[in-house]
Amino acid sequence: MFGAALGVLCALSFGLPDVAEAKAKPAAHKSVKKKNGVKKKAVAKKAAAKAPAVIAVDPAWPKLAPAGLVDPATEARITEIMSQMTLEEKVGQTIQADINFIKPEELKTYPLGSILAGGNSSPGQNERATPDQWLKLADDYWRAAAERPTKAPIPLLFGIDAVHGHSNLVGATIFPHNVGLGATHNPDLIEKIGEATAAEMAAAGVDWTFAPTVAVARDKRWGRAYESYSENPADVAAYAGKMVEGLQGVGGGRDGIKPGHIMSTAKHFLGDGGTMDGKDQGDAEMSEADLARIHGAGYPPAIEAGALSVMISFSSWNGQKMAGNKRLITGALKQRMHFDGFTITDWDAHRQLESCAKDDCPEAMNAGVDMFMAPDSWKPMYENTLADVKAGTIPMSRLDDAVRRILRAKIKGGLFTLGAPLDRPLSGKWDQLGSPEHRAIARQAVRESLVLIKNENHTLPLDPGARILVTGSGANDIGKQAGGWTITWQGTGNTRADFPHGQSIWEGIAEVTEKAGGVASWSENGVYKEKPDVAVVVIGEDPYAEFQGDRANLDYQTGDRTDLELIHKLKSQGIKVVTVFLSGRPLWTNPEINASDAFVEAWLPGTEGGGIADVIIGDLNKQPRYDFKGKLTFSWPKTANQGPLNVGTAGYDPLFPYGYGLTYKDIGDVPQLSEDSGLRDVAVVNVDTYFAAGRVKAPWQSAVMDSQGITMISGPSVESASGNVTQTTVDADKQEAGRSVVFKGNGIGAVAIFGAPVDLSRQTTGKMALEVRYRLDSTVSGPVMLTMGKDEKTYSSLDIGSNLKGQVGQWATLKVKLDCYEAAGLDVKQVGVPFSLSTTAPLSISYSEIKLASDEGDAVCPAK
């Protein structure tokens, strides 16, 4: 291992100008892809011509009656519109572009049917844009599309991910994520949440949300597990239709959506919650009957409730990507379940079809996809799809069916009567955002979602007149309690100012205790002036979304249990501890449960932290004001490596079973739990965090090097072989949380983090970036190379010297796009050196965090 690392680091030379280059050649995958695509197209065309009118599917798929989306008047109107449309206009309806990659004026030329604002897309790439700016953005695109000369004017459709409230908008009500809503077992409450979300979106001029997620998460290592209501298909079935009715209005699909409601999307069709090892965009290996029974459970009620769209998953079923699965999209969804709305791919999901290119995929449309989400490739996608129809690769009948479905949804969605966003009667009604009524619904959802895991000696409810210390990383952080898909895609980088109507958990507790005459104090690190009677320790997962949230196991803090240390510190001082756990899934937390007097699973509660205070703090008579109602819809693991753990399956052996949840009437004692996690190798690969909290994260290692060789870093200070590079420990926010590196400039010098290669392809296509939090301790006097690589033969180096713009002595952050490294020749599927910083010039620089992060419009692409 050491020898291999030495060879890698010495041979790399980290892209320095005076070292012979050993760059990897960019893969020629595009031309190969196109070649394969041409071959596959001929086969697809021939197969399409012979395909039967009705596709036989497993009888496990329910045979549904029409949901009322099709009626004579609507169909006659569609026929009239289509008779006046050009071929170009028909194709345009099937293409959706992202606002970061299309300007309003381009819609005056290109007849696109839809736009979206993706996870990190916003007005002027400002995630904290005002509500008025969001409304004007919607209006600008709508009016530009309306200005294009045509005989068949068709309104533009604007979609956005509002997965737990209108979460892109500063000031909106952020509801608990689905993982918490499932625990409420209250379908009527979920309908109210849909109604409130729709009202806040309608005020911003948005027509359509990509929700609800009706995945059945069967492996909680999946990074989207918190978007699922339950591991039990019956629960998902109970909630799916209710959320559709809340968003669209009862009968909205049949009778037409009324102002104040919006179009919904059931997603992701299909099997995204059942992939092997919980891998996002992975493969679900199972029979068709199980696929229908388990992962298809949410679609019949969503369809019957009138859902106007269904999103097609990135994932595969038994090795076949869903975006090309005609048997399931056309056969099961459209024919067997009689879905008469339209289907749309997930973000560029079509590109994962082996026969397709990012900008050309007739196979997906022939399989039943009606609209391509082609965020940044919309223009060539439009041109190539047009060419495919002209060539007959996509039959005209298939295109007409897709356009009819899209127009049907636009008519039923009310787009032909609403007018431009700024002219709509409910637009700009900003009193809807974070309104008292919506906040009350959210607070109720928080209360009812809480699951009481342990309550030793009836520690809860707390006496409101007691001296209460509130502490922990999540105690006063609304961004952390809201989780991913909040303001930004990954939910990172948020501050208190981003939630003007919200309340942190600390603020909620302070409010209650102040009214009762008690004393509450807050300290992130458990420091206090006067000894408290009890400490409420709020800990849990930091925000993440999609593949960034995928985990190798379910251990909460593998090998670095800083939160457990905080609990032990308080307990050692004779203070009772109530742990409030924030997470998107059950995690192995046996040591934390053992150390706590009470343990509450709060999931990702959103902006209404006061809902937690409502339940854990009693009245002046020390009686509960609200009881615990939440019951687990996801089984709690007994060990960290249990993997899939689902009620009703063979060998079911959880720590806390599906349906578990104590109330105040129950004896809340929990026997001492085993603290053997079941993991035998604690150096579990993490692909996204390399240095944080003052240490290199396992399994990564670090070293300094110069022309004389490599020196491994194992302590607080180190000097390279010739003394050209030194690294020492410095404070950064917290004591000894950073490292200071001094390059003397006597030739080659570098500091690097390295390990076994990991696959960063999903992070690259997901527009992630390498983020370094740094502090210049001297001015930059020459090239500074930031390198990523596999080994001595494959690496890419970018000169970031001109991008290090932080003031000397001040901490700053630099993000470099991963796709810039890919463009420079890096094989992102094999990254063994995720970070190296090198220079031949004198330089003093410190770093405190090195990780992958979401590009929120703030990442750069330096020159090679």
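How many Å should the 16 residues of helix α5 (residues 131-146) span at 1.5 Å a residue?

## Helix α5

The expected span is 22 Å, and the end C-alpha atoms of helix α5 are 23 Å apart, which agrees. Here a helix is a DSSP run of H or I with at least four residues, and a strand is a run of E with at least two; the expected span is 1.5 Å times one less than the number of residues.

This is a predicted model, in which local features need pLDDT of at least 70 and side-chain atom pairs 80 or more, while totals for chains, interfaces and linings use all residues. Residues are numbered from 1 along each chain as its sequence is written, and side-chain values use heavy atoms, without hydrogens and water.

Among the buried residues of α5 (under 20% relative accessible area, 1.4 Å probe, protein chains only) are Trp134, Leu135, Tyr141 and Trp142. Their cover includes β2 (114-117), β3 (157-160) and α7 (187-203).

## Disulfides

There are 2 disulfides, counted as cysteine sulfur pairs within 2.5 Å. Cys356 and Cys361 have their sulfur atoms 2.0 Å apart, and their link is right-handed, with 65° about the S-S bond. Cys356 counts as buried at 1% relative accessibility, and Cys361 counts as buried at 1% too.

The other link to look at joins Cys820 to Cys861, S to S 2.0 Å. Cys820 lies in helix α24 (residues 818-823) and Cys861 in the segment after β31 (843-854), so the pair ties together parts 41 residues apart in sequence. Cys820 is buried at 6%, whereas Cys861, at 49%, is partly exposed (between 20% and 50%).

Note on methods. Contact = heavy atoms within 4.5 Å.
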